[in-house]
Amino acid sequence: MLAHVPGVLERLAPRLRPGSIVVFDELMNYGGEWVDGGEWKALRDFERRHPAFRYEWLCKGAAPTLPPRKADAHTAEQAALRVITPPR
């Protein structure tokens, strides 16, 4: 995991508004157990710290099946979400 991802999400939190787009370059399929680390874990931890945060998936790699599933890890790394309710 890039060590700065959790910090970036926290620094973005006060700036997020409904309609904001967040793009992940390596949400999954970056090697190892992506469910337990990396950007995926950073997003899940962020959700736990900010329970009011709501979003919708916009895209994941070339496949539109969202939310991402472990079975899809071989097909994509990138993903984007649109903020519905910003963190408080």
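Helices (H or I, at least four residues) and strands (E, at least two) are taken here as DSSP runs, numbered from the N terminus. I worked on a predicted model, in which local features need pLDDT of at least 70 and side-chain atom pairs count only at pLDDT 80 or more, while totals for chains, interfaces and linings use all residues. Residues are numbered from 1 along each chain as its sequence is written, and side-chain values use heavy atoms, with hydrogens and water left out.

Entry, helix α2.
I checked the length of α2 (38–49). The expected span is 1.5 Å times one less than the number of residues. For the 12 residues of α2 that gives 16 Å, and the end C-alpha atoms lie 17 Å apart, which agrees. I then looked up burial, where buried means under 20% relative accessible area, exposed over 50% and partly exposed in between (1.4 Å probe, protein chains only). Gly-38, Glu-39, Trp-40, Ala-42, Leu-43, Asp-45 and Phe-46 of α2 are buried.

Entry, end of α2 and the loop after it.
Arg-49 is in helix α2 and counts as partly exposed because its relative accessibility is 43%. Its C-alpha atom is separated by 9.8 Å from that of Arg-88, 39 residues apart along the chain. His-50 is in the loop between α2 and β2. I noted His-50 as buried, because its relative accessible area is 12%. Neighbours within four places in sequence aside, His-50 is in contact (heavy atoms within 4.5 Å) with Glu-10, Pro-87 and Arg-88.

Entry, nonpolar core.
I took a nonpolar core as a set of buried Ala, Val, Leu, Ile, Met, Phe, Trp, Tyr and Cys residues joined through side-chain atoms within 4.5 Å. The largest has 16 residues, and those with the most contacts inside it are Phe-24, Leu-27, Leu-43, Phe-53, Tyr-55, Trp-57 and Leu-81. β1, α2, β2 (54–60) and β3 (79–85) each supply at least two residues of this core. The largest share, 4 residues, comes from α2. I followed Tyr-55 further: leaving aside neighbours within four places in sequence, Tyr-55 is in contact with residues including Leu-43, Glu-47, Leu-81 and Val-83.

Entry, cavity.
I searched for cavities (on a 1 Å grid over the protein atoms alone, sets of points where a 1.4 Å probe fits but cannot get out; lining residues have an atom within 4 Å of a point). The whole structure holds 1 cavity of 30 Å³ or more. The largest cavity has a volume (space filled by probe spheres set on the points, which are joined across faces, edges and corners) of about 50 Å³. Among its lining residues I noted Leu-9, Val-22, Phe-24, Leu-43 and Leu-81.

Notes
On a 1 Å grid over the protein atoms alone, a cavity is a set of points where a 1.4 Å probe fits but cannot get out, and a pocket is an open set with protein on both sides within 12 Å along at least five of seven lines; lining residues have an atom within 4 Å of a point.
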